[in-house]
Amino acid sequence: MSEKIKDKTVFSLTEVMKSVQNTLTERYKSAFWVKAEMNKLNYYKHSGHCYPDLIEKQNGKIVAQIRAILWGDDYRRIDDLFRKTLNEPLKDGIKILFLAKIAFDASHGLTLRIFDIDPDYTLGDLEKEKQETIRKLRDEGIFANNKSLQMTVLPKRIAIISVETSKGYKDFLGKIDNNPWGYVFFHFLFPSVLQGDGIIKSITAQLRRIRSVKQHFDAVAIVRGGGGETGLASYNNYELAREIALFPLPVLTGIGHITNETITEMVAYRNLITPTDLADFFLQQFHNFAVPVRQAGQRLSNIVNRMLNSANTKFNAETKLFRSGIETVILKHQNHITLIADKLADKSAGVLREERLRLDSIEKNVANLDPKEVMRRGYSITIHNGKAVRKVSGLKADDTLQTILYEGNIISTIQTINKEKL
């Protein structure tokens, strides 16, 4: 109730708020549809209720904003509908068409009570944003930049953007690290948020880290597993798609869904459905190199074997021909060789007989000169002082002489010496 203070009518704050409440209640009796951007969902897990911040922008500036209320039961129903229709949860940063009533409370002020949200409107808006992103990338001439890169023949150094604890990451590593062909890969994890809030900022930051050490890698793999079709809208973001399109290394994606290809996947060098498919792609690159090498090695081995077999056959034939030729020559000259051998034997025998006769004559002459033979014929040797006496000079009377005969020897003394020569 109002009161008078110095001739002024004064209302309490409660009265003013109540009047506003009555006015708004009278004016806005029914619910109405409103379009706005849900800047923040403000979900409170302990209560299950949401208090979204709703805004409207013009030329990038906020021109209107209000806090809304979305009770827990309504939130769960609407969130389920969004996941079925958009493959996306109700979340921050999306444009919505919602059914609401104005609610005013003296303690909490003006709010909008949300009863329902049309997912088809949001779906159309997301598709519109997606097409706008594609148009901008094409207008800039960078949409196919990453696809046009030349991947190294053996991409064995892989920078992986994923979550260390995710099943998709483990599946990817299990496939390439335990491959039965023994192909060896080097990989390094750059941890990133791949679902929920923060996808764009997190992946972009890791791509920039990899860019700074790009000389150590051959390719980038974005590996996301277990998320299905949910939470993919962020992969249509222009900034993220542009970062991938302009990346200096081939970027490959395996983010685990089948339909509704995102722009991130469109601009990537190659898009594979699952992390396992992505691992198979890298293994196939090794196959593409190894199989022709093995086949070339087999062909080379076959050629060498054929050449060796041919050379061996030719060698055996020439050896056989050579042996046959030698045998023919030997046979041809065998009689001649035998005749020469016989002549040589006869001539050798004659020479040997002549030499034998000559040796016999020499032996006879040598035997005749033997001192014993000479003394047997009547000759003797006279020795004085151990030396044979050849002349009388040096001898004198009374010297003792030894005379050696064929049979025995004589000791004598010189009485006289006759120096006359014979």
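I started at Phe-32, which stands opposite Ala-100 in strand E6. Strand E3 (32–40) and strand E6 (94–105) run antiparallel, joined by 7 bridges. My rule for pairing: DSSP must find at least two bridges between two strands. Strands (E, at least two residues) and helices (H or I, at least four) are DSSP runs, and I number them from the N terminus.

Ground rules before I go on. The model is predicted, so I keep local features to pLDDT of at least 70 and side-chain atom pairs to pLDDT 80 or more, while totals for chains, interfaces and linings use all residues. Residues count from 1 along each chain as its sequence is written, and side-chain values use heavy atoms, with hydrogens and water left out.

**Around E6 and E7**

I followed E6 onward to strand E7 (residues 109–117) and found antiparallel pairing over 8 bridges. The two form a hairpin with 3 residues between them. Ile-102 stands opposite Leu-112 in E7. Leu-112 turned up again from another direction: Ala-68 stands opposite it too. That belongs to the pairing of E5 with E7, which is parallel and has 2 bridges.

Next I looked at E5 itself (residues 61–69), which is joined to E4 by 6 bridges, antiparallel. Asp-53 stands opposite Arg-67 in E5. The E4–E5 hairpin has 2 residues between the strands, and Asn-59 there takes a positive phi near 55°.

**The 5-stranded sheet**

This one is open and parallel, in the order E9-E8-E10-E11-E12. Why do E9 (186–191) and E12 (270–271) each have one side without a neighbour in the sheet? They stand at the edges with a single partner strand each, so that side is left free of a neighbour in the sheet. Inside the sheet I checked E10 (residues 219–223) against E11 (residues 251–254): parallel, over 4 bridges. Val-223 has Gly-254 in E11 as its bridge partner.

Two helices lie across E8, E9 and E10. Helix H4 (residues 167–177) runs at about 165° to E8 (157–162), and helix H5 (residues 199–212) runs at about 160° to E8. I take axes as lines fitted to C-alpha atoms, for helices over the stretch in contact, with angles from 0 to 180 degrees between N-to-C directions. Contact here means heavy atoms within 4.5 Å.

**The 4-stranded sheet**

I then went to the other open sheet, E14-E13-E15-E16, with antiparallel pairing. Its edge strands are E14 (387–388) and E16 (409–413), each pairing on one side only. E13 (residues 381–384) meets E14 in the antiparallel sense over 2 bridges, and Ile-383 has Ala-388 in E14 as its bridge partner.

**H3 against H6**

The axes of H3 and H6 (residues 238–245) come within 10 Å and cross at roughly 35°. From H3, Thr-133, Lys-136 and Leu-137 meet Tyr-238, Ala-241 and Arg-242 of H6. By class I get 3 nonpolar, 1 polar and 2 charged residues in this contact. The classes: Ala, Val, Leu, Ile, Met, Phe, Trp, Tyr, Cys and Pro are nonpolar, Asp, Glu, Lys and Arg charged, and the others, Gly among them, polar.

**Pockets**

I call a pocket an open set of points on a 1 Å grid over the protein atoms alone, where a 1.4 Å probe fits, with protein on both sides within 12 Å along at least five of seven lines; lining residues have an atom within 4 Å of a point. Points are joined across faces, edges and corners, and volume is the space filled by probe spheres set on them.

The largest pocket comes to about 1,200 Å³. Its lining has 44 residues, with Lys-91, Leu-126, Glu-129, Ala-233 and Ser-234 nearest the centre. Which helix gives the largest share of that lining? H3 does, with 10 residues. E3, H2 (72–86), E6, H3 (119–139) and H5 each supply at least two. By class I noted 13 nonpolar, 15 polar and 16 charged.

The second largest pocket holds about 210 Å³. I listed its lining as Lys-35, Ala-36, Glu-37, Ile-55, Glu-56, Lys-57, Lys-95 and Tyr-121. E3 and E4 (53–58) each supply at least two of these. The class split is 3 nonpolar, no polar and 5 charged.
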